[in-house]
Amino acid sequence: MIDVDKALEIVTSNRGDFGTELVSLSQSIGRVLKESWHTDRPLPPYDRVTMDGIAIAHQDFSDGKRKFSLEGVAAAGDSQKEKKEPGTCYEVMTGAILPLGCDTVIRYEDLTITEGLALINLSEVIKHKNVHHKGSDRQLEELVVATNTIISPAEIGVGASLGQHKVKVAKLPQAIIISTGNELVDIDQKPLAHQIRKSNVFQISTFLSTLGIDCDTAHLIDNKKEIKSQMQNYLNQYDVILMSGGVSKGKYDFLPEVLEELGAQKLFHKVAQRPGKPFWFGRRESCTIFAFPGNPISSFMCMHYYFAEWLAESLGVPLRKTQYAALTNPIEFNPDLTYFLEVKISYSSTGQLLATPQKGNGSGDLANLAEADAFIKLPRGKNNFDKGEVYPILLYR
Ligand code: AMP
Ligand code: MG
């Protein structure tokens, strides 16, 4: 049995590579950028007027001039105008190119305009006021968004302004979620006394859909021959297989031996953790296999802790910052295991994250998951965790 940190290291060092693809800018939301975006023109591309009002040559104001006759109007979308007469002004609108011969803009709020004359009601005007200078945000061909960025609506806006209508992103893996067990029925069926509903498939497949992955699903009964013939196909077809159940010590837990008989390399089986101790992880050629224990909390925790990190590593996403929270109650835990305890997260009055343990009945207690928001990772080799002690958390909402 290996330690949690070693298990995570093995998982992340077995990264997948799914290549890249071109998608439209809108479709790139949530994906990992595999190119860097540079400006194709300076930002802003011209001296941009930032207020509706008049544009003047500042020298005229410094020379004591306060009344300016209006020479013309420059609107957003007009090509650049030129103020030709000395001592005049140009009416300008937000977004317009600053007319030639002008360097400063005065807002309508600071003017009185009567019969073609604008009177400036200010004793002081700073040169270049209300002008957003060409290239002052970014120069031509300057980096704006770096490769490996996860595309959010902010990058979509930036990408649109740069004309990035086709975007190169990391391809997502072809994935299948497989549940195992004779006791499982579909969720639209009424289970008999000895049956339960197949919940893991839904929690895993919807988690993957939040990551943009469209996955297939399948179910296997606890029959070794059947499992073997089906798994043979799946191993050839998918980049990643996420399974639940059938990896413990039970008489019908065939998965580890079947996977090995089919040539999959076991990278580890059993991790010193609760929940999720029987977790099996391996690969065959380019297919990575996460075989989680069937208990819903175990598979939920393992997909967040291990699968999410594997995917991030495979796609090249920069490491996420670990968050920490302080326990609000003391906890005693005696097994020699890392304990992923379900906690409710809140904030202290000073903004510190607080973790309140949720009393549950262990890895089979699915209802408890809806009460908590995170797992707090309590290290192995310690049995008493005091109120106020700070540990890493794994937020799942
Ligand atoms: P196993 O890992 O196959 O021994 O299963 C452990 C426990 O998890 C058993 O009580 C199973 O009935 C339950 N279980 C296994 N797979 C699922 C699933 N897909 N949805 C809900 N519970 C499951
Ligand atoms: Mg089972």
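Colleague: What makes up the shell around ligand 1 by class?

Modeller: In this predicted model, the shell around ligand 1 holds 4 nonpolar, 10 polar and 4 charged residues. The classes are fixed by residue type: Ala, Val, Leu, Ile, Met, Phe, Trp, Tyr, Cys and Pro are nonpolar, Asp, Glu, Lys and Arg are charged, and the others, Gly among them, are polar. Local features need pLDDT of at least 70 and side-chain atom pairs count only at pLDDT 80 or more, while totals for chains, interfaces and linings use all residues. Residues are numbered from 1 along each chain as its sequence is written, chains are lettered from A and ligands numbered from 1 in the order written, and side-chain values use heavy atoms, with hydrogens and water left out.

Colleague: Which residues come nearest to ligand 1?

Modeller: Glu-183, Ser-199, Asn-200, Gly-246 and Gly-294 do, out of the 18 residues around it. A residue belongs to this group if one of its heavy atoms lies within 4 Å of the molecule.

Colleague: Why are the approaches of Ser-199, Asn-200 and Gly-294 to ligand 1 called polar contacts?

Modeller: The term covers a pair of N or O atoms within 3.5 Å; within protein, one must be able to donate a hydrogen and the other to accept it, and residues adjacent in sequence count only if both atoms are side-chain atoms. A backbone N or O atom of Ser-199 is 3.1 Å from a nitrogen atom of ligand 1, and a polar backbone atom of Asn-200 is 3.2 Å from a ligand nitrogen. For Gly-294, a backbone N or O atom lies 2.8 Å from a ligand oxygen. These distances therefore meet the 3.5 Å limit. The protein buries 78% of the 490 Å² that ligand 1 exposes when taken alone, by the Shrake-Rupley method with a 1.4 Å probe (for residues, only the protein chains shown count as cover).

Colleague: Where does ligand 1 sit, and what makes that site a pocket?

Modeller: Ligand 1 sits in the second largest pocket, since more than half of its atoms lie within 2 Å of the grid points. On a 1 Å grid over the protein atoms alone, a pocket is an open set with protein on both sides within 12 Å along at least five of seven lines, whereas a cavity is a set of points where a 1.4 Å probe fits but cannot get out; lining residues have an atom within 4 Å of a point. The second largest pocket has about 540 Å³ of space, volume being the space filled by probe spheres set on points joined across faces, edges and corners. Among its 33 lining residues, Gly-245, Pro-293, Gly-294, Asn-295 and Pro-296 are closest to the centre. β13, β15, β19 and α7 each give two or more residues to this lining; helices (H or I, at least four residues) and strands (E, at least two) are DSSP runs numbered from the N terminus. The lining comprises 10 nonpolar, 16 polar and 7 charged residues.

Colleague: How many residues does α7 give to the lining of the largest pocket?

Modeller: α7 contributes 10 residues, the most of any element. The volume of the largest pocket is about 1000 Å³. Its lining has 35 residues, with His-304, Ala-308, Glu-309, Arg-320 and Leu-394 closest to the centre. By class, the lining has 22 nonpolar, 6 polar and 7 charged residues.

Colleague: How many cavities of 30 Å³ or more are found?

Modeller: The search finds 1. The largest cavity has about 30 Å³ of space and is lined by Ala-312, Glu-313, Val-317, Pro-318, Leu-319 and Arg-320.

Colleague: What is notable about the backbone at His-128 and Pro-44?

Modeller: Most residues other than glycine have a negative phi, and most peptide bonds are trans. His-128, in the loop between β9 and β10, has a positive phi of about 75 degrees. Leu-43 and Pro-44 are joined by a cis peptide bond with omega about -10 degrees.
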